[in-house]
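Thanks for sharing this one. Here are my notes, set out point by point so that you can follow them with the model open beside you.

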Amino acid sequence: MNQNFTKFLKISTFCMGGMVLFSLNAAVAKAEAVVGEKAVAGITVPLEKYSEVSEAVKNKEIELADQYNYTNLGIANVENHLNIREKPGEDQKIIGKLPKNAGCTILETDDSGWAKIKSGKVTGYVMSSYLITGNEAVTLAKKVGGVVATVNTTTLNVRAEAGLLSKVITSVPIGEEFEVLDFDEEWVKIGVDQDKGYVSRQYVDLTYELIKGVSVEETVTGVSGIRAQIVAYAKQFVGNRYVWGGNSLTNGTDCSGFVHLIYRNFGYSIARQSSSLSRNGTRINPSNVKPGDLVFYGNGSSINHVAMYIGNGQIVHASTTRTGIKISNMYYRNPITAVRIIND
């Protein structure tokens, strides 16, 4: 590590909107003003300001300071996911899920064993006994968090290799977050579902984060009948694990296995593999999808990922081992095509 970089590297942990972020503050012998650095929760220092910080993150040479400040941090200590309920009580409505090792802000606790938490866009109640807290949570956060790239430009090309002349495998929109696999001063290698590609570092913001809670809405707008039933059933499994080749909605499956098992539950026989599945049913323009239709993504024109459209511009899909089954914006990456299985 550069000798001009001090030995002290501090990560301040905080939760804003349920997202647990670790903002890096670096002291340099010849200090350089860090644009946007403020002593306000929710403002992060871009990692790209210092290559030394980048190396420290990649090598996990990170120390958390002032642990007593982080007593409101909770991490889900479960094998699969922790249900987030509308009110305290196991008979209360489930409004979200906190996946394994996901982080949350603990807002309050009560004597009956329930904690009110906020994570992602979800605020609700979980059983306190399933949360790791205090210094143990801070220590665990260093191990289970990861570097995330958030797109900061309108549309960003993801390339097969680190270079402007390399093939574009897909494009991603502003505000979307992707797992960082590696990075240097110019390029960031990210995971987009099971694809891996490179984006220009100047067009993403890098932060160290824990997984967030996910919302589970029961209503499906603008549709009824079998479509509404299929979508409602699929959303029950949000927060469950991604397992390549897996065939269990509760213990783990991959993208094509997920939609295959959902449709099978309603008596439909469709292919198990995503590229073969794209040849089932009737191909339609992605702009014409209805809830329950399937949307396909991939590397260039080669299909390797499938999701189910659930309405309101959203899809549900088994994405990655880190995020599991999740809800995303349909245009979190460029759709290649869509298929209609239900002929109504």
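Which residues form one aromatic cluster with Y233? They are F237 and F266, so let me start there, keeping in mind that this is a predicted model.

1. The aromatic cluster. Y233, F237 and F266 belong together in one cluster. Within this group, the ring centres of Y233 and F237 are 5.1 Å apart and the planes stand at 80°, so this pair counts as edge-to-face. Y233 and F237 are both buried.

2. A second ring pair to look at. Y297 and Y332 also have ring centres 5.1 Å apart, but here the planes make 55°, which is why the pair is classed as tilted. This pair joins distant parts of the chain: Y297 sits in strand 22, while Y332 belongs to the loop between strand 25 and strand 26, 35 residues away. Y297 and Y332 are both buried. The aromatic pairs number four by the rule used here.

3. The sheet. Six strands make up an open, antiparallel sheet, and their order is 21-26-22-23-24-25. Strand 21 (282-284) and strand 25 (324-329) are at the edges, each with pairing on one side only. On average, neighbouring strands are turned by 35° against each other, ignoring direction.

4. One edge in detail. Three bridges connect strand 21 with strand 26 (residues 337-340), in the antiparallel sense. If you would like a pair to check by eye, R283 has V339 of strand 26 as its bridge partner.

5. Helices on the sheet. Helix 3 (residues 225-235) packs on this sheet and touches strand 23 (302-311), strand 24 (314-320), strand 25 and strand 26. The direction of helix 3 makes about 110° with that of strand 23. Helix 4 (residues 255-265) lies across strand 22 (294-299), strand 23, strand 24 and strand 25, and it runs at about 45° to strand 23.

6. How covered is helix 4? Mostly: nine of the eleven residues of helix 4 are buried. The buried residues form the run C255, S256, G257, F258, V259, H260, L261, I262 and Y263. Just after helix 4, G267 has a positive phi of about 90°, which you may like to inspect.

7. The largest nonpolar core. This core holds 31 residues, and those touching the most other members are F258, I262, Y263, L277, L294, M308 and V316. Helix 3, helix 4, strand 22, strand 23 and strand 24 are the elements that give two or more residues to it. Helix 4 contributes the most, with six residues.

8. Y263 as a meeting point for contacts. Setting aside neighbours within four places in sequence, Y263 is in contact with I230, Y268, I270, G292, D293, L294, M308, I341 and I342.

9. Another core. There is also a second, separate core of 27 residues, whose members include V172, V192, Y208 and I315.

10. A residue at the surface. Is E185 buried or exposed? E185 counts as exposed because its relative accessibility is 64%, and the cut-off is over 50%. E185 is found in the loop between strand 14 (177-183) and strand 15 (187-192). E185 and Q202 are 17 residues apart in sequence, with their C-alpha atoms 9.1 Å apart in space.

Conventions
Residues are numbered from 1 along each chain as its sequence is written. This is a predicted model: local features need pLDDT of at least 70, side-chain atom pairs count only at pLDDT 80 or more; totals for chains, interfaces and linings use all residues. Side-chain values use heavy atoms; hydrogens and water are left out. Two strands pair if DSSP finds at least two bridges between them. Helices (H or I, at least four residues) and strands (E, at least two) are DSSP runs, numbered from the N terminus. Axes are lines fitted to C-alpha atoms, for helices over the stretch in contact, and angles run from 0 to 180 degrees between N-to-C directions. Contact means heavy atoms within 4.5 Å. A nonpolar core is a set of buried Ala, Val, Leu, Ile, Met, Phe, Trp, Tyr and Cys residues joined through side-chain atoms within 4.5 Å. Buried means under 20% relative accessible area, exposed over 50%, partly exposed in between (1.4 Å probe, protein chains only). Rings of Phe, Tyr and Trp (its six-membered ring) pair if their centres lie within 6.5 Å; planes under 30 degrees apart count as stacked, over 60 as edge-to-face and the rest as tilted.
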